[in-house]
Amino acid sequence: MIVTRRWLEEWVDLEGITTDDICKKLNSIGLEVDSSKSIEIPSKIVVGHVLSCEKHPDADKLSVCQVDIGSATRQIVCGAKNVREGLYVPVATVGAVMPNAMKIKHAKLRGVESDGMICSGKELGLPLMEEGILELDESIGALEPGRELAEYRDLCDDIIEIELTANRGDCLSIHGVARELAVGLNRTLKRLDFDDNFTEQIGIGRILQCTHSGNPKVSIICHAFEIHSIEVPLLMRLRLAFVEHPFVSPVDAYLGYAIHTSGVVLRGYGFSKISHGSEKAKLVLKEIDCGLGAVEFDTKVASIVGVNQSEEVKPERDEKRIVLEASYISPDIVAPAVKKLKLETDPLYYRSSRGSEPDLKFGIDVLFFLLKRYADVGIYAGESEYITEKEPITVDISMEEVESLIGQAVEISEAVTILGKLGFEIHKTEDGHIIADTPPFRHDITNRQDVIEEIVRIIGIDNIASKPLEFTEANRMSRSLVRHRFLREIRLKAVSRGFFETVHYIFCDNKRVEEFGFEPVRPEKGLINPITADMDGLRPNLMINMLDSLKRNASMSKRRIPLFEIGAVFDSERNESMQMVLAFSGEREPDSVVNAGKPEPIDFASFSSMVSAVIGDFDLEKCANPSLLMHPYQSADIVKDGITAGEIAKLHPAVAQKYDLADTFFAQIDISALEPKHICAEEIAPLTPIYRDLSIVVSQSTPYSRIRSTLEGNIPVVVESFYPIDRYIDDSLGEDMSLTLRFIIVPREKALEESEINSIMEDILKILQEKYDARLR
Amino acid sequence: MQNNWIDRIENSLNLDELEAVRVSIFGKKGELAKAFAQLKDASAEEKPKIAKELNALKQTLTKTYDRKRAELEEQRLQERLKREAIDVSLYSPRAGGGALHPVMHTMDRIIEYFTDLNFAVETGPLVEDEFHNFEALNLPDYHPARDMQDTFYFKDGKLLRTHTSPVQIRTMMKQKPPIRMISPGAVFRRDFDLTHTPQFHQVEGLMVDEKGKVSFANLKWILEDFLHTMFGGVDVRFRPSFFPFTEPSAEVDISCIFCEGKGCRVCSHTGWLEVLGCGMVDPNVFKAVGYEDVSGYAFGLGVERFAMLIHRIPDLRSLFEGDLRLLEQFR
């Protein structure tokens, strides 16, 4: 909503209040000022009167004008098409500096002397109104040649743009904003000084017959007028340009100006369009679905009240007889109806859906006032109306409740004053209660808390003293908080291992999901309105979007890219779960003197050890079902405490190539498999552990995980743990490999003799011989 | 002879030489042993005198030797230390550790503030239904406020939550008052330009207790304290505003941290930055969850906005691009 200071001043006295203060006040009462700017016309630009205008002898498009600028008559060459004798125009005299910093000098144009410049509105810093030079008229004040344009306050207006909240339809007009300012500044709202005793003697019934069928929940008043002559004065053109309201014809401009002033929804019908050549136009207001009302003629719909109007019935430029309709429909009726019936709407619907001004008479008066002042029209006597009476809402406000909600006491007299100025009708005040009707133009006020909000905003929230709350202490360590803290620990561990946290959109490209063999969300549960075509799905895992970040960094010559993310992923049924991804692309460590600037590339072993530093120890099993993102022979399931908790793999070389990535490894972990562990300490064995290595030769096709599970449970309890420490292959071994395992033997009650240890190791070898045909190397 | 021995000890250049001297003097067959051996040839009256002299000499020599040895050991240690010298400046670590994402880190800080003030943390699903996301929050389907929230819908009528407020509804429907909670998390709106991403993060708070217990003054107190904790000594301003789920509602501004309120590009020359929305919970919301005779406040904020202001991050979209040139700055 755009307002101007001068336009507001027609409704509220702003004497002695700066525009800055107006903005501050608007902000403090809940009308947020988006921007405010002032039009400043430089000095030495004056009113000029074109005394004569002749063609330039040497240039088709130029005119030579004699212009009276008060103190003298100047010859000025002008290139505008609309310059003509008798016009009053802005003249930048020699020495003036235009808003674009151009300095006006004496000039010779194609051999003809020119002393100054006749200006367009744009050259003065005004918004675009029409092509050519600005034609001045007395709507902005008396025109005296030589008078500085900067003295015309309607030209040098201040323009304030307000960001209205959705409930404040009542402020979609100059009058509505002025009404708020009057309350905020404690001034009186002006009334329209209009004597409507100028109607012609012919009654409206001679040309218009209005009937209705059913009981639409709307209000309509119809008038009619004859146009003798009509022009749009500068003041109106200027202000409509300030508030960015375009118009197609003079009647359209007057309607727009009256609507923006009053907030009443006004529509014009061309009489010829709805009368079909007969002397009388017949309109029927008909109830349609959901309480709406349609205005019909010849069973054709001319408009739906508050919603739209057919192009066919709008007056043409040369239409001489106009039927005027002022209407109101409650937003509580029109908004759900439009949504339900999926109706087309026009720009005025914005007003009716947010609450237009219900005082229809006021809007009509504003329009007729303007027509009388600036145009030559004849208005038919009387009107035709259909009014849906609205029961006022009565509220009972207890000052005690006001105090408890705000947190401090408000004097009842102060509350009464505020509500009165806001348009409430106060019925009575007694025993700390105020009984009042809400204002008809505030459809958004329906209950006590709404009313308290009105009191608060006028008092000013900044005037409420803040106070700490007294509340009952309780254990509020919710599951989510415990979870958050645990995940934060994991995130910090990842950070300390050099990983950078990232955040990606949960959206992803369904084409990519399918390309990598994942199942997208079932179409029946898919997104209706993705924001872009390549964000039409929900990610099935975190790696799929991480690829883009890896690629972006690689393209920026990053040679070591360690990233991680914890976020939501979705299966084909759109079930949500939390995952963690750790991804590492490129060089294992930063290049430095330590590695002579040539760090090793990341490999499976070092990446796995980074992952375990983040999520704790785990076992790796060959991945049963590697996805297309994974290297089929370097991919594993992460088994944590017996449960498959995720996967770890080298990025498939084909994918790496597609995304221009060096060797890349990633691990995806199901967050629900990570739980803070409760640890019970075991007794520390008093004896020194003994290390024994065993090198065997077995078939290369034997995965270590099988050897591991064979040994687990089959070896004596004194063998506390074992793990592989070397794997070796050469030609002499053929299809076999040499595998070295290290065993840690912890004697329990007594120290072990060498022979006892040897016997343990022999037993182990025997198991491996039997199961895997292993032999000692 | 005595001086000769002392000189030999003193003149040893290193521990090896000293050891050779020690053997030659103190050894079993050393010169000192020899001198003691000659004692048996001395006369009876001279014997005690020579013995005394020899013992005194031995003591002097031992002292000299011990001192010299300590000196040479120290010398050897110093030499070793020198040998091990490195140019430490070559090893200034670079690109060592990683970093938390600035938005996630900011969210952590916000959560920490409120949990320290005894708020619970609650979470909920990203895929929501119209009841929890809109209707229970006093937003019927024709409500003009829904214009502000362009929503991602699914074909089965579900939607991606447009704010974390549905978590408040879910919590109120599960628990009895008093409730004191925040709900942090990702939210989604169909908006994608310089200053909007289709996904961003919010933290919303809710306090509900018996009727008359929770007031706007309490809401002001906690938000002022919170903003001072996050932004330091800024001015805080409350502007009346409108949200369907709170009443009275307010938007909260802080004085611009870039120009200190003088007016700059970031604050659109107003001197203020909008950072929070808040209000007293609308009675219709309490009605929707079946609460009676309660009072409460609620507030909500965008985490990206906080992170961008606190860390002066110029580009919102860069936060979702995993760009190390940005992330490495937070190491």
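Me: Given that a helix is a DSSP run (H or I) of at least four residues, numbered from the N terminus, where is the place of B:Arg312 in chain B?

Reply: In this predicted model, B:Arg312 sits in the loop between H10 and helix H11 (324–327) of chain B.

Me: Why does B:Arg312 count as exposed?

Reply: A residue is called exposed if 12 or fewer other C-beta atoms lie within 10 Å of its own, and B:Arg312 has 10 C-beta neighbours inside 10 Å, so it counts as exposed. Its backbone also deserves a look, since most residues other than glycine have a negative phi. In B:Arg312, which is not a glycine, phi is positive, near 55°.

Me: And what makes B:Asn118 count as partly exposed?

Reply: The label "partly exposed" covers what lies between the exposed limit of 12 or fewer and the buried limit of 20 or more, and B:Asn118, with 14 C-beta neighbours inside 10 Å, therefore belongs to that class. B:Asn118 is placed in the loop between H5 and strand E1 (120–121) of chain B, and, although not a glycine, it has a positive phi of about 65°.

Me: Why is B:Leu13 called exposed?

Reply: With 9 other C-beta atoms within 10 Å, B:Leu13 meets the limit of 12 or fewer and is therefore exposed. B:Leu13 is in the loop between helix H1 (2–11) and helix H2 (15–26) of chain B, and its C-alpha atom is separated by 7.8 Å from that of B:Leu72, a residue 59 positions away along the chain.

Me: How many residues of helix H3 (residues 174–184) of chain A are buried, and what makes a residue buried?

Reply: A residue is buried if 20 or more other C-beta atoms lie within 10 Å of its own, and 11 of the 11 residues of H3(A) are in that class, so the helix is described as mostly covered. Among the buried residues are A:His175, A:Arg179 and A:Glu180, as well as A:Val177 and A:Leu181. Just after H3(A), A:Asn186 takes a positive phi of about 55°.

Me: Why is H5(B) called roughly perpendicular to H10(B)?

Reply: Two packed helices are described by the angle between their axes and the distance between the axes. For helix H5 (residues 102–116) and helix H10 (residues 303–311) of chain B, the axes come within 9 Å and cross at roughly 100°. Angles of 65 to 115 degrees count as roughly perpendicular, and the crossing falls in that range, which means that H5(B) is roughly perpendicular to H10(B). The contact includes B:Val103, B:Met107 and B:Ile110 from H5(B) and B:Phe306, B:Ala307 and B:Ile310 from H10(B). By class, this contact has 8 nonpolar, 2 polar and 1 charged residues.

Me: What makes H18(A) oblique to H19(A)?

Reply: The axes of helix H18 (residues 704–711) and helix H19 (residues 754–772) of chain A come within 11 Å and cross at roughly 125°. That angle is outside the perpendicular range of 65 to 115 degrees and is not over 145, where antiparallel begins, so H18(A) is oblique to H19(A). The crossing itself is right-handed. A:Ile707, A:Thr710 and A:Leu711 of H18(A) make the contact with a set of H19(A) residues including A:Ile764, A:Leu768 and A:Tyr772. In this contact, 6 residues are nonpolar, 1 is polar and 1 is charged.

Me: In which hand does H4(A) pass H5(A), left-handed or right-handed?

Reply: H4(A) passes H5(A) in a left-handed crossing. A:Met236, A:Arg239 and A:Leu240 in H4(A) meet A:Ala253, A:Gly256 and A:Tyr257 in H5(A). These contact residues divide into 4 nonpolar, 1 polar and 1 charged.

Me: Which peptide bond at B:Pro178 is cis, and what is omega there?

Reply: Most peptide bonds are trans. The bond joining B:Pro177 and B:Pro178, however, is cis, with omega about 5°, and B:Pro178 lies in the loop between helix H7 (165–174) and strand E4 (179–188) of chain B. A cis bond also joins B:Glu247 and B:Pro248, with omega about -5°, and B:Pro248 has its place in strand E7 (residues 246–255) of chain B.

Me: How many residues of chain A are in contact with chain B?

Reply: 79 residues of chain A are in contact with 74 residues of chain B. Helix H13 (residues 479–496) gives the most to the chain A side, with 8 residues.

Note on methods: Residues are numbered from 1 along each chain as its sequence is written. Chains are lettered from A and ligands numbered from 1 in the order in which they are written. This is a predicted model: local features need pLDDT of at least 70, side-chain atom pairs count only at pLDDT 80 or more; totals for chains, interfaces and linings use all residues. Two residues are in contact if their C-beta atoms, placed from the backbone, lie within 7 Å. Helices (H or I, at least four residues) and strands (E, at least two) are DSSP runs, numbered from the N terminus. Axes are lines fitted to C-alpha atoms, for helices over the stretch in contact, and angles run from 0 to 180 degrees between N-to-C directions. Angles under 35 degrees count as roughly parallel, over 145 as roughly antiparallel, 65 to 115 as roughly perpendicular and the rest as oblique. A crossing is left-handed if the near helix is turned anticlockwise from the far one by less than a right angle, and right-handed if clockwise. Ala, Val, Leu, Ile, Met, Phe, Trp, Tyr, Cys and Pro count as nonpolar, Asp, Glu, Lys and Arg as charged, and the others, Gly among them, as polar.
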